[in-house]
There are 2 protein chains.
Amino acid sequence: MDFTTLRDDMEAADTSSLVDKVEANLVRLLQERKLKVGDAIPKETELAELLGVSRTVIREAMLRLRMMGMIESKKKKGAVITSPDLFGVMSKSMNPHILDQDTLKEIFEFRLVLEIGMADLIFYHITREDIEELKRIVSKEPQATQHHLFHIEHEIAFHGKLYEITGNETMKKFQRMLLPVFDYVHNSGLLKKPPSLKKFVSHKGLVDILENGSPELFRNAMRNHLENHFARLFASSEP
Amino acid sequence: MDFTTLRDDMEAADTSSLVDKVEANLVRLLQERKLKVGDAIPKETELAELLGVSRTVIREAMLRLRMMGMIESKKKKGAVITSPDLFGVMSKSMNPHILDQDTLKEIFEFRLVLEIGMADLIFYHITREDIEELKRIVSKEPQATQHHLFHIEHEIAFHGKLYEITGNETMKKFQRMLLPVFDYVHNSGLLKKPPSLKKFVSHKGLVDILENGSPELFRNAMRNHLENHFARLFASSEP
DNA sequence: TATCTTTATTAAGTCATACATAATAATTTA
DNA sequence: TAAATTATTATGTATGACTTAATAAAGATA
């Protein structure tokens, strides 16, 4: 593998910090060389020498790549390319306590948008077994008298299954990341109006539509199912 | 500010790397102390002494926080808390050339889902001026004879405006991040079947609905508008 | 010979120290 | 008093040494 042109490229770069340059060059390099997952990259000391910078800088740059999920490094073996994990870092900052209120609210909205919009994906991928499982989940729906936590768990089981059906791993990961935030916003005083306890389209109703309906019907039903959330959203801020 | 309990907490932690522990402890600390944006955190040497680790480790941990957008550090002034940028790191790895094909396709789907699902947000926030601007954008729609790039630009202008109307900055950022990937997938051979050039609901049609219709109508219209994309998606993989 | 165990090697992880750089504060000078 | 100069300070970078764990090599045992 030829890393010799790297230094020139780097010196051509501009104002930003040294680590920034090295990082950018490494990223560029990896994609230029079309390195596949599993391929090894030179060791830190070699890179340091090649780029004419200290090992400290190389390490900081590689740390960033590691955070992006672009590489993994192990002792003795060195670093190898991996398929980047889009949500790795993001999920760390996805913490209700360190995000500002506006962002929290926007994330709340994000989930609603996703669940309404994914109707077509669901209908395209759904199988007989999926429907059976959904029915099974619905049948375990907790009574109104039961503890709050049971309801949350049930919500997660049902809606999580929907994401699973889409077959879209990225979306599923995204949802898993959103969950705690959603729950936090739901229970915090962030959204003014308490949810009316009126019942809209139920989980069972949604499953019926999945079995016999169409994406259009499902979208509207899901919108209705989420009405309480929307109501709180639109009640707590002027457009 | 009292950072003295930090060391004990840290020593209670387990197997992971030293930097991992320090990172976790710093994050935990910042949220426990409810530090506000702009508040300064102790300097590297102080933290190093307090935690009983080298400055190297502190620096690596802080570098991670910086990547998450949780802190910003400037020379002499030290580091201060910032509101985390959820997409900062993500957008770096959102590179068509380093993502695997499955993920690329999933991101493609992601956009479609969002644009169908965000109907309610649009209707809630939209103003007279927004509609005027949309009409202005539509009026500049390039002819079929014009260059491919004009069409792309027009697409971005129109759909970007829709995201803007939602008032959801998070979603807007997300979309900006998705754009290059979407374009890449659209033009690459990733999706088998070339788009049929049949015309479905046009941009103008969508604007009409925004003016006189309802979220339900808009969702269905948008679904139809995106039909070419869906067709390619569903043609290139078995469910 | 084949397999298990021990030892050596290697590259990342951690540490300590020194110096460079740039932003701020303090001081001098006009 | 205000501008210009100098000192200070915290991060940024460099260097060399040491630690640790994974791998490879060598050796022992069957």
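# Strand C and the protein cores

Q: Which atom of DNA strand C is 3.0 Å from the side chain of A:R59?
A: A phosphate oxygen of DNA strand C is 3.0 Å from an N or O atom in the A:R59 side chain. A polar contact is a pair of N or O atoms within 3.5 Å; within protein, one must be able to donate a hydrogen and the other to accept it, and residues adjacent in sequence count only if both atoms are side-chain atoms.

Q: Where do these values come from?
A: This is a predicted model, in which local features need pLDDT of at least 70 and side-chain atom pairs count only at pLDDT 80 or more, while totals for chains, interfaces and linings use all residues. Residues are numbered from 1 along each chain as its sequence is written, chains are lettered from A and ligands numbered from 1 in the order written, and side-chain values use heavy atoms, leaving out hydrogens and water.

Q: What does A:R55 do at strand C, base or phosphate?
A: A polar side-chain atom of A:R55 lies 2.8 Å from a base nitrogen of DNA strand C.

Q: And B:L18, side chain or backbone?
A: Backbone: an N or O atom there lies 2.9 Å from a phosphate oxygen of DNA strand C.

Q: How many residues are around strand C?
A: There are 21, and A:K43, A:R55, A:K76, B:L18 and B:V57 come nearest. Near means that a heavy atom of the residue lies within 4 Å.

Q: How much of that is sugar and phosphate?
A: They make up 72% of the strand C atoms that come within 4 Å of the protein.

Q: Changing topic, what does B:L162 touch?
A: Beyond its neighbours within four places in sequence, B:L162 is in contact (heavy atoms within 4.5 Å) with B:M118, B:I122, B:L134, B:L210, B:F218 and B:M222.
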